[in-house]
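Colleague: Before we start, could you walk me through this model step by step, as you would for someone in a first year of study?

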Amino acid sequence: MRLDVAINEVNMLIEYFKEFTETGFSKAIDDAKELSVEMNIDPVFSQKMPVIRKKQFDESSSDQDVVFSAEENFKTNYFLYNVDQASASLKTRFQQYKEYENIFGFFFPKKLKEFDDKDFKSCCSRLEAALKSGEQSYIDSHELYMELKLLDMFLPSEITSLIDVLKYMKKSIVFLMQLLPTKSC
């Protein structure tokens with residue numbers, strides 16, 4: 001999965017849901033009415049029987065209760081609720097992707113060429129800190145910096161995805177293995 005593409009797509013979905021919250025219900029109702037007419041079904045929201053319960057002596061009167069029509073009730077308690085839940089989920093996912101991009105985003109071949117040395121070292125240090133467990137570090141940021149700079153020097157400019165990088169490295173290793181003399185027992 002390409003992280004930059006995922007971030008862009010999730011951001012577009014968030015924008016879509018912002019617009020959908022405002023205009024989506026009326027559009028969905030119109031589509032549902034068309035479908036119901038095609039299926040010979042009455043395009044009417046069914047009314048529920050109101051729930052009547054006894055009021056206690058210290059409760060206020062029921063004159064203050066708000067009564068929605070069936071359509072308004074559906075819009076408020078179902079449609080907008082689900083759209084808001086989906087929107088909140090997408091916003092959480094978007095923040096996670098942005099955090100992943102902040103830590104791992106510099107690995108993408110396009111990004112390797114964009115950074116100057118100071119920013120590149122900073123990215124390697126951020127990754128080292130993110131992968132640190134207690135005092136034990138799983139990578140050395142300076143070694144990673146040197147290896148990625150070396151890779152960047154030899155990487156052809158037409159390579160733009162991580163899969164292409166791996167294919168290039170595999171091809172290069174196979175080529176180098178053919179050049180090395182083999183030891184016989």
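**Cysteines, a helix and a surface patch**

Modeller: The sulfur of C123 lies 6.9 Å from the closest cysteine sulfur, that of C124, which is too far for a bond. Please keep in mind that this is a predicted model.

Colleague: How many disulfides does the structure hold?

Modeller: A disulfide is a covalent bond between the sulfur atoms of two cysteines. For a pair to count here, the sulfur atoms must be within 2.5 Å, whereas the sulfur of C124 is 6.9 Å from its closest cysteine sulfur, in C123, and that is too far for a bond. The number of disulfides in the structure is therefore zero.

Colleague: Is C124 buried or exposed?

Modeller: A residue counts as buried when its relative accessible area is under 20%. Because C124 has a relative accessibility of 1%, it counts as buried.

Colleague: Which residues of α5 are exposed on the other side from the buried ones?

Modeller: Helix α5 runs over residues 141–154, and its buried residues are S141, L144, Y145, L148 and D152. These cover an arc of only 100° around the axis, so they sit on the same side of α5. On the other side of α5, the exposed residues are E147, M153 and F154.

Colleague: Where does L131, a member of the nonpolar surface patch, lie?

Modeller: The patch, of about 400 Å², is made by Y100, F104, L131 and Y138. With a relative accessibility of 32%, L131 counts as partly exposed. L131 is found in the loop between α4 (117–130) and β1 (132–133).

Technical notes: Residues numbered from 1 in each chain as written. Predicted model: local features only at pLDDT ≥ 70, side-chain atom pairs only at ≥ 80, totals over all residues. Heavy atoms only, no water. Patch = residues over 30% accessible without salt bridge, like charges linked within 9 Å, V, L, I, M, F, W, Y side chains within 5 Å. Areas by Shrake-Rupley, 256 points an atom, 1.4 Å probe, with all protein chains shown as cover. Salt bridge = Lys/Arg side-chain N within 4 Å of Asp/Glu carboxyl O. Helix = DSSP H or I, 4+ residues; strand = E, 2+ residues; numbered from the N terminus. Buried < 20%, exposed > 50% of the residue type's maximum accessible area, 1.4 Å probe, protein only. Expected span 1.5 Å × (residues − 1). Arc of directions from axis to C-beta.
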